[in-house]
Amino acid sequence: MNIEKTVQGVRAQVKAWRREGLRVGLVPTMGYLHEGHKSLIERAVKENDRVIVSVFVNPIQFGPGEDFSAYPRDLNADARLCEDAGASLVFAPDVSEMYQDNFSTFVDMSGVTEELCGKSRPTHFRGVCTVVSKLFHIAAPDCAYFGQKDAQQLAVIRRMARDLNMDIEIVGCPIVREPDGLAKSSRNTYLSKEERNAAAVLSRALSAGRTMLENGERDGELVLGEIRNIISAEPLANIDYVEMVTWDSIEIHHTADVPVLVAAAVWIGKTRLIDNFIFERE
Ligand code: AMP
């Protein structure tokens with residue numbers, strides 16, 4: 001497995017694979033890889049002849065005062081995980097390779113980006129759409145893999161690929177969790193022992209909401225109220241949002257009569273964690 005730092009190097013490799021008629025999958029990540037990322041890579045390896053994992057902490061998807069500089073990085077460990085999972089190439093560019101001087105072209109989206117994380121992080125999805133479209137142009141994959149952990153991001157990328165006629169299949173993958181339910185995340189490493197224990201409240205609250213829906217409750221206000229109550233009972237947790245939106249157009253919708261995404265963002269101390277589930281009535 002190779003680690004490539006340049007756009008030109010990735011392009012040359014992909015061209016060679018294409019000449020052999022090979023199918024290429026892409027897994028975009030910000031690195032500090034864990035079992036959640038690994039599940040995406042393994043799925044990509046099953047469904048493609050060659051898999052590229054990009055490892056890039058994308059500065060333009062972080063707002064002012066967010067954790068861009070503090071975001072954990074360990075390229076050697078990431079490369080080992082990618083190799084174990086069967087990837088063929090890691091693309092790990094420097095910021096200057098992705099954003100040259102006077103970089104001034106952005107991919108922006110309305111609607112799907114406006115609620116949930118888009119509300120709390122107003123420039124986030126512009127940064128995500130821009131970097132993912134750049135990665136799509138660089139790697140020209142047949143398909144790309146995204147986790148439902150970032151459900152709004154998955155909806156945004158699907159919309160972007162559709163709207164901009166990108167001939168790339170977007171594959172959504174299930175959330176991988178710790179034994180106590182906490183969704184795996186590179187940001188979990190920020191948590192102290194006490195905070196780590198408290199963080200389990202997020203998935204526990206969402207599970208309680210899901211159980212209400214599975215038992216026939218359709219009133220979103222009641223379900224969201226229960227989730228908020230459970231989270232609020234944890235002294236170390238502060239709610240950013242708990243919402244029910246249509247899946248996958250991400251519009252506020254407080255009746256579970258259509259497929260809905262129930263999503264939450266919660267501060268545990270200085271760490272912002274997200275989690276969600278999708279509920280579709282049978
Ligand atoms: P990140 O490195 O956090 O930008 O994540 C890269 C990709 O991995 C995104 O598509 C995430 O949704 C996905 N991902 C992150 N954590 C998990 C998880 N616990 N389970 C499944 N996918 C995940």
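Where in the chain is the place of Ile 250? Ile 250 sits in the loop between β7 and β8, and we'll come back to that loop further down. Before going on, keep in mind that this is a predicted model.

Let's start with the overall layout. The protein chain splits into domain 1 (2–173) and domain 2 (186–275). Their C-alpha centres are 26 Å apart, and the contact between them draws on 24 residues from domain 1 and 17 residues from domain 2.

Now for the inside. In soluble globular proteins, nonpolar side chains tend to be buried together. Here, the largest nonpolar core has 48 residues, and the members touching the most others are Ile 52, Phe 136, Met 160, Ile 170 and Leu 261. Helix α6 is the top contributor to this core, giving nine residues. Because domain 1 (2–173) and domain 2 (186–275) both supply residues, this core lies between them. If you want one residue to look around from, try Phe 136: setting aside neighbours within four places in sequence, Phe 136 is in contact with Leu 26, Pro 141, Ala 144, Phe 146, Ile 157, Met 160, Met 166, Ile 168 and Ile 170. There's also a second, separate core of 24 residues, with Leu 182, Leu 191, Leu 202 and Ile 227 among them.

Staying with α6, have a look at how it meets α1. Helix α1 (residues 7–19) packs against helix α6 (residues 124–139) at an angle of about 50°, their axes 8 Å apart. The two helices are therefore oblique to each other. On the α1 side, the contact is made by Val 7, Val 10, Arg 11 and Val 14, and on the α6 side by His 137, Ile 138 and Ala 139. Sorted by class, that's five nonpolar residues, one polar and one charged.

Step into the loop between α6 and β5 (143–147) and you'll find Ala 140. Ala 140 isn't a glycine, yet its phi is positive, at about 40°. With a relative accessible area of 35%, Ala 140 counts as partly exposed.

That brings us back to the loop between β7 and β8, the place of Ile 250. Ile 250 is another residue other than glycine with a positive phi, near 55°. How buried or exposed is Ile 250? Its relative accessible area is 1%, so Ile 250 is buried. The loop between β7 (237–246) and β8 (260–268) also holds Asp 248, and a cis peptide bond joins Trp 247 and Asp 248, with omega at about 15°.

Ile 250 also leads us to Gln 152, which is in contact with it. Gln 152 is in helix α7 (residues 151–163) and is buried, with a relative accessible area of 5%. Beyond neighbours within four places in sequence, the contacts of Gln 152 include Val 112, Thr 113, Glu 114, Glu 115, Leu 116, Cys 117, Gly 118 and Phe 125. Take Glu 115 from that list: Gln 152 and Glu 115 are 37 residues apart along the chain, but their C-alpha atoms are separated by 9.0 Å.

One last stop is Ser 185, in the loop between β6 (169–173) and α8 (193–214). Its relative accessibility is 17%, so Ser 185 counts as buried, the cut-off being under 20%. Not counting residues up to four places away in sequence, Ser 185 touches His 34 and Lys 149.

How values were computed. Residues are numbered from 1 along each chain as its sequence is written. This is a predicted model: local features need pLDDT of at least 70, side-chain atom pairs count only at pLDDT 80 or more; totals for chains, interfaces and linings use all residues. Side-chain values use heavy atoms; hydrogens and water are left out. Axes are lines fitted to C-alpha atoms, for helices over the stretch in contact, and angles run from 0 to 180 degrees between N-to-C directions. Helices (H or I, at least four residues) and strands (E, at least two) are DSSP runs, numbered from the N terminus. Angles under 35 degrees count as roughly parallel, over 145 as roughly antiparallel, 65 to 115 as roughly perpendicular and the rest as oblique. Contact means heavy atoms within 4.5 Å. Ala, Val, Leu, Ile, Met, Phe, Trp, Tyr, Cys and Pro count as nonpolar, Asp, Glu, Lys and Arg as charged, and the others, Gly among them, as polar. A nonpolar core is a set of buried Ala, Val, Leu, Ile, Met, Phe, Trp, Tyr and Cys residues joined through side-chain atoms within 4.5 Å. Buried means under 20% relative accessible area, exposed over 50%, partly exposed in between (1.4 Å probe, protein chains only). Domain bounds come from an automatic or database domain assignment.
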